[in-house]
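Student: I should like to take a close look at a single part of this model. Please begin with the aromatic side chains and work outward from there.

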Amino acid sequence: QVQLVESGGGLVQPGGSLRLSCAASGSIFSGYMMYWYRQAPGKTREWVGSITNLGSAGYADPVKGRFTISRDNAKNTLYLQMNSLKPEDTAVYYCKSGSGAWGQGTQVTVSS
């Protein structure tokens, strides 16, 4: 079974940056497409972006130009670099593998 562990969330001011990590184990990481999702309190979970096993990434409109997804297959780790953060980016961020496994989520709060 694929297992995912997220880290890197926290409190940042508007305009600031954070880098989230998602460490994978229990599978060959390079063989899976990977995804980032987020969910704000009282809201449905929404897709943020994804990256193929070859490293090609796509993004939801609200984060285009500000967020970057990358992966390091040698380290079995997925990343989400978040720049120019806005209060509306506040949410719990989750990673997901193509196997169907989800991470536990990490809180991102953007506030002054």
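Which residues do ring pairs link into a cluster?

Tutor: The model is a predicted one, and in it the cluster consists of Tyr35, Tyr37, Tyr94 and Trp102, linked through ring pairs. The count of aromatic pairs comes to three. One of them joins Tyr35 to Tyr37: the ring centres are 6.4 Å apart and the planes stand at 40°, so this pair is classed as tilted. Tyr37 also pairs with Trp102, at 5.1 Å centre to centre and with 55° between the planes, and this pair is tilted as well. Because Tyr37 belongs to strand β4 whereas Trp102 sits in the loop between β9 and β10 (106-110), the pair ties together parts that are 65 residues apart in sequence.

Trp102 deserves further attention. Its relative accessibility is 35%, so Trp102 counts as partly exposed. In addition, Arg45 lies over the face of Trp102, at 4.7 Å from the ring centre. A second arrangement of this kind involves Arg19, which lies over the face of Tyr79 at 4.0 Å from the ring centre.

The strand that carries Tyr37 may now be placed in its sheet. Strand β4 (residues 34-39) runs antiparallel to strand β5 (residues 46-51), and five bridges join the two. Within this pairing, Tyr37 stands opposite Trp47 of β5. Strands of a sheet pair through backbone hydrogen bonds, either parallel or antiparallel. The sheet that contains β4 is open and has six strands, in the order β2-β10-β9-β4-β5-β6, with mixed pairing. At its edges stand β2 (10-12) and β6 (57-59), each with a single partner strand, so one side of each has no neighbour in the sheet. From one strand to the next, the twist averages 25°.

Strand order places β9 beside β4, and β9 leads to a covalent link. The count of disulfides comes to one, and this bond is formed by Cys22 and Cys95, whose sulfur atoms are 2.0 Å apart. Since Cys22 is in strand β3 (residues 18-25) and Cys95 in strand β9 (residues 91-97), the pair ties together parts that are 73 residues apart in sequence. The torsion about the S-S bond is about 65°, so the disulfide is right-handed. Cys22 has a relative accessible area of 0% and is therefore buried; Cys95, at 0% relative accessibility, likewise counts as buried.

Strand β3, which holds Cys22, belongs to an open sheet of four strands in the order β1-β3-β8-β7, and the pairing in this sheet is antiparallel. Its edges are formed by β1 (3-7) and β7 (67-72); each has a single partner strand, so one side of each is left without a neighbour in the sheet. The twist in this sheet averages 15° from one strand to the next. The edge strand β7 pairs with strand β8 (residues 77-82) in the antiparallel sense over six bridges, and in β8 the bridge partner of Arg71 is Leu78.

To draw the parts together: the ring cluster includes Tyr37 and Trp102, Tyr37 lies in strand β4, and β4 is next to β9 in the order of the six-stranded sheet. The disulfide of Cys22 and Cys95 then ties β9 to β3, one of the strands of the four-stranded sheet.

Notes. Residues are numbered from 1 along each chain as its sequence is written. This is a predicted model: local features need pLDDT of at least 70, side-chain atom pairs count only at pLDDT 80 or more; totals for chains, interfaces and linings use all residues. Side-chain values use heavy atoms; hydrogens and water are left out. Two strands pair if DSSP finds at least two bridges between them. Axes are lines fitted to C-alpha atoms, for helices over the stretch in contact, and angles run from 0 to 180 degrees between N-to-C directions. A disulfide is a pair of cysteine sulfur atoms within 2.5 Å. Buried means under 20% relative accessible area, exposed over 50%, partly exposed in between (1.4 Å probe, protein chains only). Rings of Phe, Tyr and Trp (its six-membered ring) pair if their centres lie within 6.5 Å; planes under 30 degrees apart count as stacked, over 60 as edge-to-face and the rest as tilted. A charge sits over a ring if NZ of Lys or CZ of Arg is within 6 Å of the ring centre and within 35 degrees of the ring normal.
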